[in-house]
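What follows is a walk through one protein chain, from its overall make-up to a helix pair and a pocket. Keep the sequence and the 3D view open while reading.

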Amino acid sequence: LYLLLSLVTGIFYFTWAITGLSLSLGLLVLVVGLPLLALCLGSFRALALGEGRLVEALLDVRMPRRPTLLPEGRNWRERLGNLFKDGYTWRSLAYLVAQLPLGILYFTALVSGLSASAALLAMPVFSALLGRGFNGEIVVAPNMVYDSTHLPPLWLAVGLAFLGFFALVGTLHGALALGRLHGRIARFLLVKR
């Protein structure tokens, strides 16, 4: 589930990070630039904290709670300086930007593996359905004609279904490995050392 969601969250995180950063850096010459930049950096930390909770819930990786950004007993300048000096802010930004390419990779790998496995698993059914009752040409699209006499024999279709079963198991194990790898990446970037 996390690998499928990572494409959507990756698009959102990347758009939020790049748009917020470019807008706030572009407006730094004006009075509103610095407060907007501080707000943007604070939102990166908040999004990273939410992503940490998502990783913890879906990938079963323990993500410790973050210390408060604004410790008590400090004035606003020290708090603002802490926002810029803390490495967690910049690691959060790096994580949010990296989520888009990782999300594309995860989503593509998972959907490709699952669809190829499903096609192989369904091969005997399609072979039996198309092989019986059709003795000639099947029009798939106006310019695509499929000759049903060239269907694979049933033993080959059943063999491909077994291959599809093993491909499905391999895809699910690969998804588990990708989830564990991403949990390590998230823990490396989002947990304070």
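Of the 193 residues in this predicted model, 33% are buried, with buried meaning under 20% relative accessible area. The chain contains 6 helices and 2 strands. Their order along the sequence is α-α-α-α-α-β-β-α. Among contacts with a separation of 6 or more, 73% join residues 24 or more positions apart.

One helix pair shows such packing in detail. Two packed helices are described by the angle between their axes and the distance between the axes. For α2 and α6, the angle is about 150 degrees and the axes lie 11 Å apart. The crossing of α2 past α6 is left-handed. On the α2 side, the contact uses Ala48, Glu51, Gly52, Val55 and Leu59; on the α6 side, it uses Gly179, His182, Gly183, Ala186 and Leu190. By class, these contact residues are 5 nonpolar, 4 polar and 1 charged. Glycine counts as polar in this scheme, so Gly52, Gly179 and Gly183 fall in the polar group.

The same two helices also help to line the largest pocket, which has a volume of about 260 Å³. At least two lining residues come from each of α1 (2-26), α2 (33-59) and α6 (154-190). The largest share, 5 residues, belongs to α6. In total, 13 residues line the pocket, and those nearest its centre are Leu58, Leu59, Ala175, Leu176 and Gly179. Two of these, Leu59 and Gly179, also take part in the contact between α2 and α6. The lining as a whole has 10 nonpolar, 1 polar and 2 charged residues.

Terms used: Residues are numbered from 1 along each chain as its sequence is written. This is a predicted model: local features need pLDDT of at least 70, side-chain atom pairs count only at pLDDT 80 or more; totals for chains, interfaces and linings use all residues. Side-chain values use heavy atoms; hydrogens and water are left out. On a 1 Å grid over the protein atoms alone, a cavity is a set of points where a 1.4 Å probe fits but cannot get out, and a pocket is an open set with protein on both sides within 12 Å along at least five of seven lines; lining residues have an atom within 4 Å of a point. Grid points are joined across faces, edges and corners, and a volume is the space filled by probe spheres set on the points. Helices (H or I, at least four residues) and strands (E, at least two) are DSSP runs, numbered from the N terminus. Axes are lines fitted to C-alpha atoms, for helices over the stretch in contact, and angles run from 0 to 180 degrees between N-to-C directions. A crossing is left-handed if the near helix is turned anticlockwise from the far one by less than a right angle, and right-handed if clockwise. Contact means heavy atoms within 4.5 Å. Buried means under 20% relative accessible area, exposed over 50%, partly exposed in between (1.4 Å probe, protein chains only).
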